[in-house]
Amino acid sequence: MKVPFLDLKSQYVSIKEEIADALQQVLDNTAFAGGKFVEEFENEFAAFCNCDHAIGVGNGTDALWVALLAKDIKHGDEVITVPNTFIATAEAISICGATPVFIDVKEDTYNMDPDKIEAAITPKTKAIIPVHLYGQMADMDPIMEIAKAHNLFVIEDASQAHAAQYKGKKAGSIGDLGCFSFYPGKNLGAYGEAGAVVTNDANLAARMKMFRDHGQIKKYYHSIVGWNARMDGFQGAVLSVKLKHLEAWTEARRKNARLYDKLLGNTADIVIPKEADYARHVYHVYSIRTKNSDQMLQQLHDKDIYCAMHYPVPLHLQDAYKDLGKGKGSFPVAEICAEQQLSLPMYPELTEEMITHTASEIKKLL
Ligand SMILES: *Cc1c(COP(=O)(O)O)cnc(C)c1O
């Protein structure tokens, strides 16, 4: 049995007519760059996140960058984040001219360890970016408390956590700003590139709207130097269609995770992901830990079961960040995770047979 890592096609087939209708409306309205379909999606997504504002942008990397710019992050500033994330989290900090300062993560949730924050704060620290890795939120209460005590602001990187919750609060709604990616493979994925920032702060929302559109207050009147980071109309229309299904898709992911848990829990040499007491995990990625993950990835591949690694090299050990001078051993938990993680196939359309087959092949390999 073939078990693909991702299957965007089967989901598309299930909503084909709705998508065709939505795309036709964009064509009929020639609303291609920004425009009414982006605005409609922004309103729906803000409401979904229990936030007052959502600003649609070109992708998740833009979302992080525009959020940092809105808070005036610049050369000489430091922003605390984690090394076990997709590089965009750190890139956005660097592109603003600021320096990412990594801290280690917790071994049970793979998320930012709040106990490590205070030691990393310097007079240059301006912000903290927790990443809600794999679809589970970081422990936000202590993070917000420390931020408040040190007058720092918090940007949630919620690119993997659409519909996730922390003590009943939606991802993106706890920090000053919440950033989302709608890259096609994300839990809420566009049919192209897109992203958004959510916030309850009307001033920040207005600033981000200017930045993403060349600093314009109205057409050809530029009050600040900005950029083109707009969302395109087709993506807004597609995302509005898909947002209506997100709850059902999230429940399907959670159900799939429970089945993996049942089949792989209590297996020697396998650590299954832990859902924290505070969390609603949305399983963007279902990542297990095992000692020979490289070998297992290859052996499963040979059996037509496709897995992945998120992420094989933590950011402090990437060539791009070697100037930070953080060698091997700097963040032991993140490093162990990088060595042992193995992401199993996970999407709403995954069948019970596929999960059972994958789990039994894994057990045979141990
Ligand atoms: C996907 C992702 C991003 C970047 O989003 P793009 O839309 O690909 O630019 C940023 N942070 C995290 C944690 C991500 O998973």
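**Ligand site and domain contacts in a predicted model**

Me: Which residues are closest to the ligand?
Reply: This is a predicted model, and in it 14 residues surround the ligand. The closest of these are Gly60, Thr61, Asp157, Ser181 and Lys186.

Me: How far is a backbone N or O atom of Gly60 from an oxygen atom of the ligand?
Reply: Gly60 is one of the closest residues around the ligand. Its polar contact runs through a backbone N or O atom, with an oxygen atom of the ligand as partner, and the distance is 2.7 Å.

Me: Which residue has a polar side-chain atom 2.9 Å from an oxygen atom of the ligand?
Reply: Two side chains are worth a look here. Ser159 puts a polar side-chain atom 3.4 Å from a nitrogen atom of the ligand, so to speak of an oxygen partner we need the other one. The residue with a polar side-chain atom 2.9 Å from a ligand oxygen is Gln160.

Me: OK, on to the domains. What area is buried between domain 1 and domain 2?
Reply: The domain assignment gives domain 1 as 8–243 and domain 2 as 246–365, and their C-alpha centres lie 24 Å apart. Across the boundary, 45 residues of domain 1 are in contact with 35 residues of domain 2. Carbon and sulfur atoms give 61% of the buried area, which comes to about 3600 Å².

Me: Which residues in domain 1 lose the most area to domain 2?
Reply: The area buried between the two domains is about 3600 Å². On the domain 1 side, three residues together make up 22% of what that side buries, and they are Tyr110, Tyr134 and Asn187.

Me: Which residue forms a salt bridge with Arg289?
Reply: Between domain 1 and domain 2 the count is 1 salt bridge, alongside 24 residue pairs in polar contact. A salt bridge needs the side-chain nitrogen within 4 Å of a carboxyl oxygen. For Arg289 the closest N and O atoms are 3.1 Å apart, and the partner is Glu107.

Me: How many nonpolar residues are on the side of domain 1 that touches domain 2?
Reply: Several elements each supply at least two residues of that side, including helix H1 (8–14), helix H5 (88–95) and helix H9 (233–243). By class, the side has 14 polar and 9 charged residues, and the nonpolar ones number 22.

Me: How many residues apart are Arg230 and Asp213?
Reply: The model's salt bridges come to 13, and one of them joins the side chains of Arg230 and Asp213 at 2.6 Å, N to O. Arg230 is in the loop between strand E11 (221–222) and H9, while Asp213 is in the loop between helix H8 (202–211) and strand E10 (216–218), and their separation along the chain is 17 residues.

Definitions and conventions:
Residues numbered from 1 in each chain as written. Predicted model: local features only at pLDDT ≥ 70, side-chain atom pairs only at ≥ 80, totals over all residues. Heavy atoms only, no water. Domains from an automatic or database assignment. Contact = heavy atoms within 4.5 Å. Buried area = accessible area lost by both parts, 1.4 Å probe. Polar contact = N/O pair within 3.5 Å; in protein donor to acceptor, adjacent residues only side chain to side chain. Helix = DSSP H or I, 4+ residues; strand = E, 2+ residues; numbered from the N terminus. Nonpolar A, V, L, I, M, F, W, Y, C, P; charged D, E, K, R; others polar. Near = heavy atom within 4 Å.
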